[in-house]
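Me: I am new to this structure and would like a close look at a single part of it, set against the whole. Please take me through it slowly, in one connected answer.

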Amino acid sequence: MKKAVYLPTYNNHPSCIESWEIWGKKHQVSILHDSEKERPIWQRWSLFGDLVTQSSLNEYDKIALVNPCVMIHPSAPDFFSLTDDRLAVIYDPFLAGDIIKSLEKMQKAFPMTFVDWTEYFHTGLVIIGKRHELFCRKCFKFREENRELLDQLESDERLQEQTAINYLVKDQRIHTKGLHPAFNFSALEKRSALMDFKFTEKTFVWNFSDIPKPTANDWIEKTWRLDLLQNSC
Amino acid sequence: MNDIIFFFPIESDSYYEEKTGDLSLKSWKKWVKNQKNTEIFVHKDPLNHFIHLPKRWHQWFFLDVLDTHGVDYKQVAVVTSQTMIQPHAPNFFLLNSEFFASAYHVLPFDVLIHKIEQVKSYFPQIELDWRRYFSTDFFLVNERHTSSMKRFTEFLEEKKDELSTDAVHPLFNYWIKQEKIRLRFLNEKYHLNMLKERNLLRDEHWMKMAHLWNFSSLKPNIAAQLMTHLHESWGTSS
């Protein structure tokens, strides 16, 4: 099975990129970089859509889409083997207040679909396979058809594609596989997880994207300099 | 035989703690009134054989207390006065009949890891997954678990001089795993907690999005304020 991680370069931190490259080498996972010129929000869902014709992408059986500012422990296990060939996501209702509000705001784009807050997943790390090509095309098409509304939700409410993808998965009845939240450990500040770096011992993938910059960069650098990680490289 | 709510009042030292305990009990009484074949038993007097243990531990002798009072049961839900239930919440006893059941207990990560490591030495062979840490303020047992619960209280008795009062929560998590008891996690709506840290107090969504709340992470005066608001929102018709 050929596996790849699709990694945004734009707005990403070099240490996060390095972590994925080291991890990828250990598990024979190719690291693909996007264009540096645009924000990789909806564009990445076109991987199996518009871009599928590119033979270099077509050769992969599974691709993990990763958000910027997400770091992986160099010794993390290979999560591709855990997906059961389903769309793999992370269910984690920790920030329940934010989840319920974003669902409410996105509801206008999906008047016939209901997503319960306890079923909400994160897209900081999503694993798709060839069988999801049609779904990815639908996601990208949805974006094209609702560009005005989505741009407005993004600028006014800071809602990115995550909530819409939740609705689309429900709407399209896509079967998902929930991975352990250790594979996209987020809300590190809100969870009081940063102080002693225990999270690097208990979890595998760390999402710093919800920490405001430049603070996020400081934490990324401190984390990457830890002996535990450097010795695992 | 009925299903039993074993209501355990956490010791209260202040006006606010007393108020929260009172509101909690009122909610559980209302909920029981709306169910069939369900009764509430409010723990009041400890039995002689565990009176010397910390008061917070008396909760774990619930089967002894029920036996002493001649209460038969199908399932028992142990709930503490830190919780409140929506009077029309679906009956969780019907969702479960054979398993030990509880709900995921969201905690600050540093606290959670500390709890797990705090008592690890008693269970060196057991690895506890932080994402499967369940609440001890709300859990369901049935007669299949009687002997295991008995052994747990004996374990507490034996280790009473070594353990801090709050060590009992992670201990019980380890215990259930060590005893290979099948654990069913109820939907997170049956245990909404850490309202402040989870950005739930910016509006009133939190009052509609759960069946059961745990207010233990809040200061007693804030908990009392929120619980009063919740109680009043249900009105007298519930």
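Reply: In chain A of this predicted model, residues 24 or more positions apart account for 78% of the contacts with a separation of 6 or more. Chain A has nine helices and eight strands, and buried residues make up 58% of its 233 residues. The area that chain A exposes is about 10300 Å², of which carbon and sulfur atoms supply 48%.

Within this chain, the part to look at closely is A:Asn166, which has its place in helix H6, the helix covering residues 161-171 of chain A. Because its relative accessibility is 3%, and buried means under 20%, A:Asn166 counts as buried. A polar atom of the side chain of A:Asn166 lies 3.0 Å from the backbone oxygen of A:Gln162. If residues up to four places away in sequence are not counted, A:Asn166 touches A:Val115, A:Glu119, A:Tyr120 and A:Phe121.

It may help to set beside this a residue of the other chain, beginning again with the chain as a whole. Chain B comes to seven helices and eight strands, and 57% of its 238 residues count as buried. Among the contacts in chain B between residues at least 6 apart in sequence, 76% join residues at least 24 apart. Chain B has a radius of gyration of 17 Å, which agrees with the value near 18 Å that a compact globule of 238 residues would have, and its C-alpha atoms fill a box of roughly 45 × 40 × 35 Å along the principal axes. About 10900 Å² of chain B is exposed, with carbon and sulfur atoms supplying 48% of that area. Chain B carries 29 positive and 30 negative charges, and the mean positions of these two groups are 6 Å apart.

The residue to pick out here is B:Phe155, found in helix H5, which spans residues 146-159 of chain B. B:Phe155 counts as buried because its relative accessibility is 12%. Leaving aside residues up to four places away in sequence, B:Phe155 touches B:Tyr122, B:Phe123, B:Leu171 and B:Trp175. One of these, B:Leu171, is 16 residues from B:Phe155 along the chain, and the C-alpha atoms of the two are separated by 9.9 Å.

Technical notes
Residues numbered from 1 in each chain as written. Chains lettered and ligands numbered in written order. Predicted model: local features only at pLDDT ≥ 70, side-chain atom pairs only at ≥ 80, totals over all residues. Heavy atoms only, no water. Helix = DSSP H or I, 4+ residues; strand = E, 2+ residues; numbered from the N terminus. Rg over C-alpha atoms; globule rule 2.2 N^0.38 Å. Buried < 20%, exposed > 50% of the residue type's maximum accessible area, 1.4 Å probe, protein only. Contact = heavy atoms within 4.5 Å. Areas by Shrake-Rupley, 256 points an atom, 1.4 Å probe, with all protein chains shown as cover. Lys, Arg positive; Asp, Glu negative; His and termini not counted. Charge placed at Lys NZ, Arg CZ, Asp CG, Glu CD. Polar contact = N/O pair within 3.5 Å; in protein donor to acceptor, adjacent residues only side chain to side chain.
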